[in-house]
Amino acid sequence: GQQLRALFYALPPGESSFRSLEEVPDYVEKSIPFFITFIGLEFAVSWIQKRKLSGRINDGISSLSLGILSRLPDVLFRSVDLISYIYVWNNYRLFELPWDSPWTWYLTLLGVDFAYYCFHRISHEVNILWAAHQVHHSSEDYNLFTALRQSVLQKYTSWMFNLPMALFIPPSVFAVHLQFNLLYQFWIHTEVITKLGPLEWILNTPSHHRVHHGRNPYCIDKNYGGTLIIWDRIFGTFEAEDAKVVYGLTHPVNSFDPIMLQLRPLAHIWNMFWATPGFCNKLSVIFKGPGWGPGKPRLGLPEEIPVITGKEIPFNPIVPAYLNCYAVVHFAVIVDLYTELLATVTTLSQGTVLLRIGFIILSLASFGLLMENKSKAGILEVIRCLVFMGVYKLGYFRSQFSFLGYAYEV
């Protein structure tokens, strides 16, 4: 019950206030079964409503791969959000609000959400930050899988926007709202919910967030809110859903490879940096908007945004049905190994942890190439399976479910 309500920010202050950081539950990890349940429910409702599923195998595996990839650094290090916040709290706090006061809880709700709005908006308006954030926008589908499509690099810039709160809000209260703000944004990534009446004025809803993920000219750089939509209404970045939204980037990446999706925008900035003459222009490549060029305004020219015809076809290479089945089964194996790693990481040696992380990254890249039907994908997959067999036999991998051991070897 608690985990389900946490998804909707519906745990009141008395139920989600803690004296110390160590007492704060990992709401995100505890919500994983609900992620899976809601994804299944979305598929069912979409089939009933439109007689079609809400997503595709290739895009779904790509989104989940990016989600896993984004969480792998947390296996090795504590969240940079919390490390930086605790440092400022311990060394520079001005005063201490009571951890058990409802007013502290509500103030933190507003503070975390406003910090998210500021960071989110800047991530769209500064090219180097957009290079990280664009990963979340790269899907041409819009479903609950898309919510899990996250950047590895984004968290290394978002932390600084929360630091002003560390001057007076206890870390335990901050840690709760950091998770709630993230969890709330899961369920708004869907097309099966239309409008929510008066709630649309205050809350970020599926309708508002569909606009944010659109590449239609009217959708660009709109609706940055996390939990609340009030910041967009106050600062003039709100746009209501109107014409049918076409999802994805204005210039699609056309790849399911999670490594490529993370790194290609950085390579683009690198190439633009060296190709653009003048020192100030080079700095502008990094710190102005992704649409900027010499002689253009900071955020680029709106008329250069590609026109949407409504006939856009998502990137969808033809792959044999057996290959889709193969990818789904092997991806399930990797999810099992990943969740087992999370559960046992404190008992493993650093070498074993790094070996498992390396194999997970190799596997996710291989699945991406398989979904694109690349010619070299088969060779990489054979190598991956041989590595798996060797490492599994040596005991460095194990399933959460002992009865699957023989099946994995087969």
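A residue counts as buried when its relative accessible area is under 20%, as exposed when it is over 50%, and as partly exposed in between. This cut-off is used throughout the report. The model is a predicted one.

**Salt bridges around helix α6**

Arginine 298 has 41% relative accessibility, so it counts as partly exposed. Its salt-bridge partner is glutamate 125, and the closest N and O atoms are 3.3 Å apart. This pair ties together distant parts of the chain. Glutamate 125 sits in helix α6, while arginine 298 sits in the loop between α14 (279–287) and α15 (321–344). Along the chain they are 173 residues apart.

Glutamate 125 also meets the side chain of arginine 121 in a salt bridge, at 3.1 Å from N to O. Here the partners are neighbours in the fold of one helix. Both lie in α6, four residues apart, which is about one turn of the helix. Their accessibility is not alike. Arginine 121 has 25% relative accessibility and so counts as partly exposed. Glutamate 125 has 10%, so it counts as buried.

**A second long-range link**

Aspartate 74 forms a salt bridge with lysine 155, with the closest N and O atoms 3.2 Å apart. Aspartate 74 belongs to helix α4, and lysine 155 belongs to helix α9 (residues 155–158). This pair, too, links distant parts of the chain, with the two positions 81 residues apart. Aspartate 74 counts as partly exposed because its relative accessibility is 30%. Lysine 155 counts as buried because its value is 15%.

The three pairs are set out below.

| Salt bridge | N to O distance | Location |
|---|---|---|
| Aspartate 74 and lysine 155 | 3.2 Å | helix α4 and helix α9 |
| Arginine 121 and glutamate 125 | 3.1 Å | both in helix α6 |
| Glutamate 125 and arginine 298 | 3.3 Å | helix α6 and the loop between α14 and α15 |

The count for the structure comes to 15 salt bridges.

**A nonpolar surface patch**

Leu76, Phe77, Leu153, Tyr156 and Leu354 make up a nonpolar patch on the surface. Together they have about 440 Å² of accessible area. Leucine 76 is a residue of helix α4, which covers residues 57–76. At 30% relative accessibility, leucine 76 counts as partly exposed. Aspartate 74, described above, is in helix α4 as well.

**Pocket and cavity**

The second largest pocket holds about 1,100 Å³ of space. It is lined by 42 residues, and those closest to its centre are Trp130, Thr250, His251, Pro290 and Gly291. Three elements give two or more residues to this lining: α6 (102–125), α7 (127–137) and α13.

The structure also holds one cavity of 30 Å³ or more. The largest cavity has a volume of about 90 Å³. Its lining is made of 13 residues. Nearest its centre lie Ser138, Glu140, Asn254, Ser255 and Phe256.

**Two asparagines with positive phi**

Asparagine 254 appears in that cavity lining, and its backbone deserves a look. Its phi is near 55°, a positive value in a residue other than glycine. It is placed in the loop between α12 (230–235) and α13 (258–275). Its relative accessibility is 41%, so asparagine 254 counts as partly exposed.

Asparagine 373 also has a positive phi, near 60°, and it too is a residue other than glycine. Its loop runs between α16 (350–371) and α17 (377–393). With 41% relative accessibility, asparagine 373 counts as partly exposed.

**Annotated span and a long separation**

UniProt, in an unreviewed entry, lists residues 106–237 as "domain: Fatty acid hydroxylase". In the model this span is 52% helix and 0% strand. The C-alpha atoms at its ends lie 24 Å apart.

Proline 171 is found in helix α10, residues 171–187. Its relative accessible area is 10%, so proline 171 is buried. The C-alpha atoms of proline 171 and leucine 370 are separated by 43 Å. Along the chain these two residues are 199 apart.

Definitions and conventions. Residues numbered from 1 in each chain as written. Predicted model: local features only at pLDDT ≥ 70, side-chain atom pairs only at ≥ 80, totals over all residues. Heavy atoms only, no water. UniProt positions renumbered as here; feature names shortened; annotations may be inferred. Buried < 20%, exposed > 50% of the residue type's maximum accessible area, 1.4 Å probe, protein only. Patch = residues over 30% accessible without salt bridge, like charges linked within 9 Å, V, L, I, M, F, W, Y side chains within 5 Å. Areas by Shrake-Rupley, 256 points an atom, 1.4 Å probe, with all protein chains shown as cover. Salt bridge = Lys/Arg side-chain N within 4 Å of Asp/Glu carboxyl O. 1 Å grid on protein atoms, 1.4 Å probe; cavity = no way out; pocket = protein on both sides within 12 Å on 5 of 7 lines; lining within 4 Å. Points joined across faces, edges and corners; volume = space filled by probe spheres on them.
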